[in-house]
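Student: I should be grateful for a close look at a single part of this model, namely the chain that carries the cis peptide bonds. Please describe that part in one connected account.

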Amino acid sequence: MLQIEHLTKVYPNGTVALKDVTFTVQDGEFLVIIGLSGSGKSTLLRCINRLIEPTEGRVLWDGANITRASPAELRQLRRHVGMVFQQFNVVKRSSVMTNVLSGRLGYVNSFSSVLGLWSKSDRERALKALERVGIADKADNRADALSGGQQQRVGIARTLMQEPKLILADEPVASLDPVLSHSILRYLEQLNKEGITVLCSLHFLDLVHRYATRVIALKEGVKVFEGLPKEIDRAKFKEIYGEEAQEVRATTVEEG
Amino acid sequence: MAARLSSNPSKRSSITAGLLSLILPGLGQIYARQRYRGVIVLFGAFLAVLIAFWYGVPAWYAAPAVLWLWNVWDAVGAARGKLRSAFLPLLALLVMGYGIGWQVTGIDFSALIRNLDRATSIVIPMFHPDFFSGVETTNSAWAPVEVPCGPNPPEAVNTVNGIHVAISPNCGKLNQELTVQASGLWPDTPTNIQWATPIGDILPLGKGFITDLYVTTDAQGNLDTTIHIPPSALSAAPDPTLPLEHRIYLVQSRPRPGFQLSENGGYVVQGIIQTIFLALISTTFGALGAIPISFLAARNLMGGHPLTLSIYVIVRTLLNILRSIEPLIIAIIFVVIVGLGPFAGAIAITLHTIAALGKLYSEVIEGIDPGPLEAIRAVGGNWIQMVRYAVIPQIVPPFASFTLFRWDINVRTSTIIGFVGGGGIGFYLYQWIIKGDFEAVSSSFIAIAVIVVTLDFVSARVRARLV
Amino acid sequence: MDARRFNLRRWFVTGFLLLLVAAAYGIGYRETEINPVKLITSLGKSQAILNDLLHPDLFTHQTHDTTLDIVFPVPCGSAQPTQLPDNQAHIFANVACANPGDTVSVSGTGMQPDTDVKIQWLLPNGNALFSKLARTDAHGNFTAQVQVRPINTTTGGIPSHLQALTAVPFGGLLPSQALKDVINNIIVTVFIALLATTAGTIIAAPISFLAARNIMGHSRLGTSIYVIVRSILNITRSYDSLVLATVFALWVGFGAFAGVLALTVITMASLGKLFSEAVESIDPGPLEAVSATGARPIQVVVFSVVPQIIPDFISYIIYHWDINVRISTILGFVGGGGIGFYLSQRINVLEYQKAGTAIWAIVLVVWAMDFFSAEVRKRYT
């Protein structure tokens, strides 16, 4: 169980990115965070694993206080929290294999990993992760030889190496073609069904309806909605996105 | 046929490959169709043997030996279609390279420690840059003395600036003791007493007649002391027996608030100004010279005809030769030809600039986009119009950018061209370093840093606007 | 109306700027003491030097040396003159002896035809006094007029000798002493560049991280380290290697080691700045991703920073290697070792052919190294 309590983030330049956000995520949920660009979605996800330090409030995970964790404790916690990024964030000049193996860094000692010495079991695990996302044949390619969709799959494979209990996905499909969006989100859905909690920020409402078990909406750093996807009606939509907004669908592809 | 070969490139006898490589390194690899690898191995082995032979130390033959053995193994591998790791021979060559390098460059880190006192004598004065000096007010007076005594020695009293000085006796011979009395001086102030010969040489009167003699006045501004006539007082006299008037000077000085440029500070300013203008003149003339030459060195303009092509080849070769000779080398030759001074330096930097910019400019010309030229011709423009509207707009910004880049380099070069007599701050700097005047060195270091950093900044801003 | 006034102002500004530029060049012309007349008047001198430089001293022949010798008493009667030798080759004077100031005609027969003959006096003290050069004709004979000088006089009963020396080349070419010296020095030069580039790189790589804004962050400590390191790099970079070589030569003594130290410091500063710019231009995304997996800081650097910067680093190292090879050719001018010392010495004693050997060697090596690094760059970046 992940508890977010009174989370506030003020950047040094005075921007208030999050204001007193509180909610709870039960294990096994596929929680989607929606909101306009700049509404604080990315900040919220990064405050959970403290890539960004929150200004106030706390984050509790299975009772452990993440916001108070020492650097060593934080690394222990981060090992179990996978993260998927909008820009994939793979190292383009490294091989796919190295990128995937880097997900294992929290488990191995500094010395052997710096020398590039990996155990056989880690290599097998990496190959399995690549097989799961369907690009095992690309293991020896350089990451920049891959398409955007394939790079995001490398990102997911990297996350799998962590044996995560929680996945934070920051706009995982915003840089991809609509058709590819579903293939990526389906991997996340599948992982969710295997028991991994997923926190995902998304842009398109049709994707939210399709994948979310619960939705939280942010507007200028404030939580303005929490509930089931079907509860977002036209009025709610206007409230979250503003009067000018028109609903756009990510894809017209019908899925079964 | 060809397709079958390329799909199975390893169809070569591994024994033959190994034997060939045993005879000549790289030959087996070439035989096994690893041509590039073979050439590199051959070249590497050749170089390694040559260097080991040149230095004659038997131990250094280990590196080419390792390479040789590995090369046989690699040739066999190449014939079987396998590429061997080149780690071991590379390591051997590196060890040999750095080992010999260490030897011939005489690396001796203990010298850094052993001569630490020299370093401190360099570094400590660096914190007292000799750029400004204090301003002083002086107060001085003198009285005459005749040496040796003549028949009618003049009165040895004199009043200057309200200061009364009296010497007794009023004449004397070398080493004789004299009494100096004075009044009207600044009270409680150290006063330097000096001997001036008839031709104006100033002789100190302190210990051993090497150091200055200072006597402090009393509270009323009076002074009463004895001196000895310096033994060298007559050494410049044409006839030591001829009585002549010498003088005893009393000099007091007091610091005044304020600073002025010290003597060396003046040289620093002069040198820096010369340095900047050296860079300006040689960059300008270099760029002007490089423009016509760059057209001759552009392949797309000169490639059409055998005659123009040969001009292209000659110009390119000359530019390349000149470019590899540092301006300092050109400068020492021109110092011999036109003499010491900034002119020799200006010629040297200009020549080097022509070579360096000529190459860069010609590459710009080779890289111009033919599209706009076509477009101007298509609308009926003549040759001049084409140059004006399609060529110049394409080449001016990169020309300007390269010229500014060269200007940055030339400013740095101008600071050292004086080391060989080419003018600028380097001329003074080198002499100060050799003399060990590190206070002056320090002020020139500061001046160089200020000028170079400032000019870098300015040219970076201008370049950002251009591009 | 408006447009007119605008134009006037523009003209004024343009005129002022032009005046400023003209003044700058005027002062520059005077400051740099430009003197085209001198360039013309010294044309003969430069032609001679250029001619020597274009004919470098590369090879010598082995020579077969012969010396023909007769005793020649000065003044007459102070010693016994030589009896003419029996063998074929000999020299003789038109007189058997002479007094100081006299001119004597010296002839030689039976010598190597068409060969330079050096005529010299062997003085009583054993020193040789050069007199003049002659050349034998097709039959191996020569005649030359030489003057008798007062120092040729017999001293302590030992008379002066008159000698004719020939050196006939035979066999193949041998590398001259100049060529050997130049090769030795040029190898040292390349090694100075190699060691300095290596050491400079090793020091610059870690320092560059301290001079990279994105690594040092915006904390007060980080910013101050960044500013200090950057300033040190910028100030060091503004000095030419030669300036530092002079200082190091005083510190550790003249020689290649001083040059290596100076070049290392400059390489460190220059590469430190270039490296730090490469580090600053990396994509921060992978850093975030690797940190999020729970990796330690060192692992974050190795897995997300290093792969991004390696290609840039390599191309900067090659770029600086080229520069260092050039600079190491002149470090010797100020006592930093390498070919520069040899070159400046030869020019100081006016041995331009030997200087030419050194300059051609420099051109060759710089070319070869440029070619080599261009090949490496093509393949590895």
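Tutor: Helices and strands are runs assigned by DSSP, with at least four residues for a helix and at least two for a strand, and they are numbered from the N terminus. The model is predicted, and the part to be examined is chain B.

With that definition in place, the elements of the chain can be stated. Chain B contains 17 helices and nine strands. Its C-alpha atoms occupy a box of roughly 125 × 75 × 40 Å along the principal axes. A compact globule of 467 residues would have a radius of gyration near 23 Å, whereas chain B has 38 Å. For chain A, a compact globule of 256 residues would have a radius of gyration near 18 Å, and the value of 18 Å found for chain A agrees with this. The box of chain A is roughly 55 × 45 × 35 Å.

The surface and the interior of chain B may be considered next. Buried residues form 46% of the 467 residues in chain B. The accessible surface of this chain is about 23600 Å², and 67% of that surface belongs to carbon and sulfur atoms. Chain A exposes about 11400 Å², of which carbon and sulfur atoms supply 50%. Among contacts in chain B between residues at least 6 apart in sequence, 68% connect residues at least 24 apart.

The charges of chain B are also worth noting. The chain has 28 positive and 25 negative side chains, and the centres of these two sets are 32 Å apart. In chain A, the mean positions of the 34 positive and 31 negative charges are 5 Å apart.

The loops between the strands of chain B now deserve attention. Most peptide bonds are trans, and most residues other than glycine have a negative phi. The peptide bond from Val147(B) to Pro148(B) is cis, with omega near -20°. Pro148(B) belongs to the loop between strand 1 (132-147) and strand 2 (157-160) of chain B. A further cis peptide bond joins Ser168(B) to Pro169(B), with omega about -10°. Pro169(B) is placed in the loop between strand 3 (163-168) and strand 4 (177-183) of chain B.

Continuing along the chain, one comes to the loop between strand 4 and strand 5 (190-196) of chain B, where Asp188(B) is situated. Asp188(B) is not a glycine, yet its phi is positive, at about 50°. The relative accessible area of Asp188(B) is 54%, and the residue therefore counts as exposed, since the cut-off for that class is over 50%.

A residue of chain C offers a parallel. Asp114(C) is likewise a residue other than glycine with a positive phi, near 50°. It lies in the loop between strand 3 (103-109) and strand 4 (116-122) of chain C. Because its relative accessible area is 47%, Asp114(C) is classed as partly exposed.

A helix of chain B completes the account. Thr413(B) is found in helix 15, which spans residues 383-416 of chain B. Thr413(B) has a relative accessible area of 9%, and so it is buried, the cut-off being under 20%. Apart from neighbours within four places in sequence, Thr413(B) is in contact with Pro327(B) and Ile349(B).

Notes: Residues numbered from 1 in each chain as written. Chains lettered and ligands numbered in written order. Predicted model: local features only at pLDDT ≥ 70, side-chain atom pairs only at ≥ 80, totals over all residues. Heavy atoms only, no water. Rg over C-alpha atoms; globule rule 2.2 N^0.38 Å. Buried < 20%, exposed > 50% of the residue type's maximum accessible area, 1.4 Å probe, protein only. Contact = heavy atoms within 4.5 Å. Areas by Shrake-Rupley, 256 points an atom, 1.4 Å probe, with all protein chains shown as cover. Lys, Arg positive; Asp, Glu negative; His and termini not counted. Charge placed at Lys NZ, Arg CZ, Asp CG, Glu CD.
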